[in-house]
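Open the model in your viewer and get ready to select residues. This tour goes stop by stop.

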Amino acid sequence: FRVAKEKAARRLGAGGDAQHHWPNNSEIESELHARLQLFHGPAHAADIRELRDRALKAMQWLEVFQPRLTGPVLNGTATRHAAITLHLFADAPETVIFFLMDQKTPYEESWQRLHFGDAPAQDYPCLKIDYADSEIRLIIFALDEDRRSPASPVDGKPVRRATGQQLRKMLEEEQPQNGL
């Protein structure tokens, strides 16, 4: 969100002193939803459904790590080529790495900095993989962190996460609306 705000300020010629006039992250996300509906309508809904279908397949493949879908694919602001973000829970990050190696799945390692309420930010292991023609970001948490969600960059509240069962139910409920 910060990058988007800075880019918009540069385009408008507004300096850093105008930051107090910038929209908050919730307003930006709301506008993003509206623009996606206005300019992409049914095509966007189909893209989101396809990404969620792919996420569900990946979650089934990774079920041993209790995956949770989060981010733009879950909240509906993803575009066709967006990465799918899954939170995984393991006794050690190496467990996930060994699983991927056994499956002969190439991956890239990085870190994801996350906040939990007012606590200082923490870095979590993140693995990027290609699965079902999608980029998937696997953020690895300790086993006992499954009940605690990191703060959302939109509103600071715990980020929304969905289990495979919750995602499956969401897809079933969407089906009649999309005429599928």
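Which residue in S5 is the bridge partner of Phe89? Select Phe141 in S5: that is the partner. Before moving on, note that this is a predicted model, where local features need pLDDT of at least 70, side-chain atom pairs count only at pLDDT 80 or more, and totals for chains, interfaces and linings use all residues. Residues are numbered from 1 along each chain as its sequence is written, and side-chain values use heavy atoms, with hydrogens and water left out.

Now select strand S5, residues 134–142 (strands are DSSP runs of E, at least two residues, numbered from the N terminus). Seven of its nine residues are buried, meaning under 20% relative accessible area with a 1.4 Å probe, protein chains only.

Add strand S2, residues 84–90. S2 and S5 run parallel, joined by seven bridges; two strands pair if DSSP finds at least two bridges between them.

Next, show strand S4, residues 122–131. S4 runs antiparallel to S5, with six bridges. Find Lys128, which stands opposite Arg137 in S5. S4 and S5 form a hairpin with two residues between them. In that turn, Ala132 has a positive phi of about 50°.

Go to Arg52 and Glu174. Their side chains meet in a salt bridge at 2.2 Å, N to O (a side-chain nitrogen of Lys or Arg within 4 Å of a carboxyl oxygen of Asp or Glu). Arg52 lies in helix H2 and Glu174 in helix H5, so the pair ties together parts 122 residues apart in sequence. Helices are DSSP runs of H or I, at least four residues. Both Arg52 and Glu174 are buried.

Finish at Glu145 and Arg148, another salt bridge, at 3.0 Å, N to O.

Note on methods:
Buried < 20%, exposed > 50% of the residue type's maximum accessible area, 1.4 Å probe, protein only.
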